[in-house]
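Visitor: I would like a close look at one part of this model, the aromatic pairs, and after that at the empty spaces and whatever surrounds them. Please take me through it in one connected account.

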Amino acid sequence: MSIPVVETFVSINGESIRAGELAVFLRFRGCNLNCSYCDTRWANGADAPAKQMEVEELAAYADSTGITNVTLTGGEPLLQKEIGRLVERLIHTGHVVEIESNGSLPIALFAEKEKRPFFTLDYKLPDSGMESHMLVDNYRYLCQEDAVKFVAGSRRDLEKAAEIIETYGLCERCKVYLSPVFGRIDPADMVAFLLERKMNRVKLQLQLHKFIWDPEKRGV
């Protein structure tokens with residue numbers, strides 16, 4: 001069974017634990033959410049242009065790059081029925097696999113494997129319009145190689161992020177990142193909030209690729 005792929009490329013990771021490191025990106029079509037600030041909406045629809053690729057074809061591409069890190073993204077990669085086979089194949093040939101997920105779908109089947117991918121899970125804050133879809137049960141399966149990312153666009157978002165981080169003890173479970181909705185909130189205000197709440201071990205993170213290249217540029 002093939003997978004609809006909207007783009008493949010090699011660049012640096014712009015965010016999360018491996019920010020600044022080289023990575024192979026495999027971006028899949030389709031998402032079950034519709035966030036107000038989504039910057040990959042062009043990849044989300046069922047009619048988005050995509051190339052149907054087999055698991056072995058995708059894995060061979062990753063192998064050919066000579067790059068160890070592979071980031072599976074979208075859209076929402078966990079919607080793809082063949083994603084498990086792809087992850088196993090990539091790990092088997094020595095890749096470090098990260099799955100960027102929107103936080104609404106279960107990760108248990110992946111996280112309980114001996115050789116597992118690593119996760120960057122979003123928690124969709126109120127301004128996204130998608131908070132009701134968050135699956136916080138996922139947090140039981142996280143480890144220090146995983147991350148939860150909060151993309152904030154307002155003071156209301158920051159307050160909710162602080163509440164979720166404390167309620168679920170996320171800093172003890174995994175890495176925790178706070179990022180701005182690009183162009184909607186001043187990062188300096190986010191730093192002030194971190195200081196105000198004494199949010200030790202929470203990292204402010206800006207999307208590197210949006211500062212290196214044009215924020216609208218694809219394939220970077």
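Guide: F9 and F25 are both buried in this predicted model. Their rings form an aromatic pair of the stacked kind, with 4.9 Å from centre to centre and 10° between the planes. Because F9 belongs to strand β1 (residues 3–12) and F25 to strand β2 (residues 22–28), the pair ties together parts that are 16 residues apart in sequence. The rings of F110 and F119 meet in another way: their centres are 6.2 Å apart and their planes stand at 70°, so this pair is edge-to-face. F110 and F119 are buried as well, and the count of aromatic pairs in the structure comes to four.

F119 leads on to the empty space inside the model, since F119 is one of the residues that line the largest cavity. Rolling a probe the size of a water molecule over the atoms is what shows where such space is left. The structure holds one cavity of 30 Å³ or more, and the volume of the largest cavity is about 40 Å³. Besides F119, its lining is made up of S16, I17, R18, E98, F118, T120 and E145. Strand β6 (residues 118–123) gives the most to this lining, with three residues, and by class the lining holds three nonpolar, two polar and three charged residues.

From the cavity one can turn to a pocket, namely the second largest, which has a volume of about 170 Å³. It is lined by 13 residues, of which A162, I165, E166, C171 and M199 are the closest to its centre. Helices α4 (155–167) and α5 (170–173) each supply at least two residues of this lining, and α4 gives the most, with four residues. Divided by class, the lining of the second largest pocket has six nonpolar, two polar and five charged residues.

A charged side chain in a loop completes the tour. E82 is placed in the loop between β4 (69–73) and α2 (83–92), and because its relative accessibility is 13%, below the 20% cut-off, E82 counts as buried. The side chain of E82 is joined to that of R85 by a polar contact of 2.7 Å. When neighbours within four places in sequence are left aside, E82 is in contact with M1, I3 and V55.

Conventions
Residues are numbered from 1 along each chain as its sequence is written. This is a predicted model: local features need pLDDT of at least 70, side-chain atom pairs count only at pLDDT 80 or more; totals for chains, interfaces and linings use all residues. Side-chain values use heavy atoms; hydrogens and water are left out. On a 1 Å grid over the protein atoms alone, a cavity is a set of points where a 1.4 Å probe fits but cannot get out, and a pocket is an open set with protein on both sides within 12 Å along at least five of seven lines; lining residues have an atom within 4 Å of a point. Grid points are joined across faces, edges and corners, and a volume is the space filled by probe spheres set on the points. Ala, Val, Leu, Ile, Met, Phe, Trp, Tyr, Cys and Pro count as nonpolar, Asp, Glu, Lys and Arg as charged, and the others, Gly among them, as polar. Buried means under 20% relative accessible area, exposed over 50%, partly exposed in between (1.4 Å probe, protein chains only). A polar contact is a pair of N or O atoms within 3.5 Å; within protein, one must be able to donate a hydrogen and the other to accept it, and residues adjacent in sequence count only if both atoms are side-chain atoms. Contact means heavy atoms within 4.5 Å. Rings of Phe, Tyr and Trp (its six-membered ring) pair if their centres lie within 6.5 Å; planes under 30 degrees apart count as stacked, over 60 as edge-to-face and the rest as tilted.
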